[in-house]
Amino acid sequence: MSGPVSTVVAVFCLTGALGQRFYNQPKLDVGSRAPQTVIAPRSDRVEDSKTTEELRRSARLGASPVLMGDPMVNQRVLSQVKRYLEQGNRLREAVGEFPYVETGLLSREVQRYLRSASTWEWRAIQWTLSRQLEERAVESTVDSTVEASEDPLSQLEAQTAEADEVETRREQMLQASRLGAVNGASQVLSDLLESQASPMNQALEQLLVVSQQLDEEGVEAVMTAVEMARERYAQALEQLAEVSYPNGQPVYTNTLLNLSAEDWQQTRNTTLQVGRQMLAQGIASGVPARMLQDSVEMQLSLALPDAQIRHLMSAVLMNALEANLVTDPDRTRERAESAAEAQEPAYLSVEAGEVIVEAGEVITRRQFVLLDHFGLARRAPVNWIGWIAFGGTVFVAVSLYGVVERRVHPKICNGDRLLILLLSLSAPVMVLFGVPTTSFPAIGLAVGSFYGSWMGVTVVALLSLIMPIGLEIELGYLIAGAISGAIGGAMAGRLRSREELALLGAGVGFAQGASFFFITVTSLLLQGTTGPLWSLLLETALIQGLWGVGWSVVVLGVSPYLEHLFDLVTPIRLAELSNPNRPLLKRLAAEAPGTFQHTLFVATLAESAAKALGCNVELVRAGTLYHDIGKMHDPQGFVENQMGGPNKHDRINDPWKSAAIIKKHVTQGLVMARKSRLPKAIQAFIPEHQGTMLIAYFYYQAKHSNRREVNDADFRYDGPIPQSRETGIVMLADSCEAALRSLKDATPEDALSMVNKILRARWQDNQLVDSGLTRAEMGKIAEIFVQVWQQFNHKRIAYPKAVLSNK
């Protein structure tokens, strides 16, 4: 078909497949104005299926998720609580046992005070206590004298002396505290001593009682126990200050060190129990820290009445607790489906004779459902005006595609256009069958890998723009498919193996799933939908991602068949054909090894030139490897395979027969290529690399033989001459290969001169007139050929004879 005809066919097919919105379209649709008043012919109750589906979808998405405790989080939290409690054990071991003195001598409160009192407080207590001990003897004497006297006046004096003694002891304590203040102790000690109920007064009172109850050794033992307890307590405080915590917030204070063993054991058990209760109740993500702390302290208050201990253990739990509630996907899905099933269908009721819509009124959704139910919507088989307008839009899209095609792939044929059209038609077919996805990823991957990145992206972009005009398709599926298809098309043109295409499929699937998730969430948020069912959205996005991967699997599976059916030469197929382990190339290497080596050198020359001129390097490589396969029909008829043996043509001694043998490698090569189902683009290299050149050696031999009249046609190849830049480059490389190999000690200038002569001869022989190569490019090609020749003929250092000897 000609270009205009193929364009008309493409526009007609695409318009017919994509324009489903214009078939069976009601004239009285939602948003249109009623030309006249319409009355219900009978009473009926009509289900609004579209509204019902929207309500069920909203119920499904709006269902609250079912939460469950995460066992891994629970285990982690409890392990953290146990680590904190074990850390508390180590700190308590450093401070030693409590109480460290019998409680009959010193109360627990006094023992706590003495252990934690400042140095100057302790010195003041020691000083006051020592003064009292020194005066014990004097006091005992006074007491004995008073008891021996029966004079009432003496008894009164004794009572007065006792009161003075108490006052004197108080003054001594004040002096001791002031002494401490002078030496840098806290100024508040004096205030503490003035209070009868101060810890310091209570400690002095109990120590004085101990000094009266025990002998001197007993008092010394008590004081030593206090000193040791104070020393251990100071060391424990240092360790407490050095403890590091994960979040930087301290957990333990000196309250931990003041607990008795029984209190600590109860506190540990209670803390673990409260931690388990909090996890069992569940901690949701986003719960304010203050609310969580209030809940913890309320639980602790039931078993730990002491506020300081409660605050201590609250800090332990707050540092360990974390959100443990996660969504239960199975039960959440069940709840969502139950909510959707529980949604009652939306019914519309109408009475006979009731006005459905007034004349001139804009038709609403409810009115359209009733009109359509009673067959009053005036549906037409085809909305021709809309269909033709849509066809104009499709024509613009096809024209834009044509512009890109001419710039990127100017030699594309109608078979290729047919394949692109068929791939494009798969998109509306998927929508018509109600499949919840689009085939854009497959279209992008296939067109991109077959015809290049620009073609793949263009087809996907144009389809994604015109599809929503003619088809009803969900926005999320459309955009997600377009994004993944464009990514696939852009990347597929750069691939060189099917393994890379498979890996790209995984990326396309991820792009489709992620795009669908983001688009759906954004749409729900813009609509003000609260409490979206995240697990269901993630599941749907995962399914979309699997669709994307599935399309890549489909493309991987069908691409070899499409390549053979439509004779495509993709970079991947060319790379596979260039594999030296292909059967035809293995045969060439085994049956005609000289020709195979010649082919490799020609391929190197041609590839370098093609790369410099911006040609299809993969096509040049593959075409060069197969351009001389016809020589396998008679390998000994070509000098490169004779390996120094006798020349077959000397025995024949007939230039015409020899020329026929040489020409036959083209025809036999085409037979082998067709039998091996090589692409036509590869087959073209077999005749075109020789063109209609003269087989000069045997032509001049025939001229000098004078046997019969020499006809040029008998000694020229049948052609055609090169029809592309790629085959033209291979012709030049093939012509120069033998000449370059023959050069041994020539300079690069000599080699360049010889190559230019060969290229000039081909140009003057009109072998390149249809190739697209320019005269200016001949010089560049010659320079590249010489550079490659230099790389192959680089100099090496000669080995000394001693290296090659047996010694």
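**Reading pockets, a cavity and cores**

Visitor: By class, which residues make up the lining of the largest pocket?

Guide: There are 18 nonpolar, 15 polar and 17 charged residues in that lining. Keep in mind that you're looking at a predicted model.

Visitor: How is empty space found in the first place, and how much of it lies in the largest pocket?

Guide: The general idea: roll a probe the size of a water molecule over the atoms, and you see where empty space is left. Here, the largest pocket holds about 1,500 Å³ of space. It has 50 lining residues, and the closest to its centre are Lys50, Glu53, Arg57, Ile473 and Glu474.

Visitor: Which elements should I click on to find the lining of the largest pocket?

Guide: Try those that give two or more residues: β1 (23-26), α2 (49-62), α14 (329-342), α15 (365-373), α17 (414-432), α21 (498-526) and α22 (534-565). Start with α2, since its eight residues are the most that any element gives to this lining.

Visitor: What about the second largest pocket: what is its volume, and which residues are closest to its centre?

Guide: Its volume is about 1,200 Å³. Of its 38 lining residues, His409, Lys411, Val569, Asn616 and Leu619 are the closest to the centre. Elements giving two or more residues to the lining include α18 (440-451), α26 (617-626) and α32 (725-742). α18 gives the most, with four residues. Sorted by class, the lining comes to 16 nonpolar, 13 polar and nine charged residues.

Visitor: And how many cavities of 30 Å³ or more does a search of the whole structure find?

Guide: Remember that a cavity, unlike a pocket, is a space the probe cannot get out of. The search turns up one, with a volume of about 30 Å³. Its lining is Ser449, Phe450, Arg498, Leu501, Ser559, Glu563, Thr570 and Ile572. At least two of these residues come from each of α18, α21 and α22. The classes here are three nonpolar, three polar and two charged.

Visitor: Now the filled parts: which residues have the most contacts inside the largest nonpolar core?

Guide: For a core, look for buried nonpolar residues joined through side-chain atoms within 4.5 Å. The largest one has 66 residues, and Tyr626, Ile629, Leu740, Ile781 and Phe785 have the most contacts inside it. Take Ile781: leaving aside neighbours within four places in sequence, Ile781 is in contact with Ala609, Leu613, Leu732, Leu759 and Leu773. There's also a second, separate core of 51 residues, with Leu425, Ala482, Leu568 and Ile572 among them. You've met Ile572 already, in the lining of the largest cavity.

How values were computed
Residues are numbered from 1 along each chain as its sequence is written. This is a predicted model: local features need pLDDT of at least 70, side-chain atom pairs count only at pLDDT 80 or more; totals for chains, interfaces and linings use all residues. Side-chain values use heavy atoms; hydrogens and water are left out. Buried means under 20% relative accessible area, exposed over 50%, partly exposed in between (1.4 Å probe, protein chains only). Contact means heavy atoms within 4.5 Å. On a 1 Å grid over the protein atoms alone, a cavity is a set of points where a 1.4 Å probe fits but cannot get out, and a pocket is an open set with protein on both sides within 12 Å along at least five of seven lines; lining residues have an atom within 4 Å of a point. Grid points are joined across faces, edges and corners, and a volume is the space filled by probe spheres set on the points. Ala, Val, Leu, Ile, Met, Phe, Trp, Tyr, Cys and Pro count as nonpolar, Asp, Glu, Lys and Arg as charged, and the others, Gly among them, as polar.
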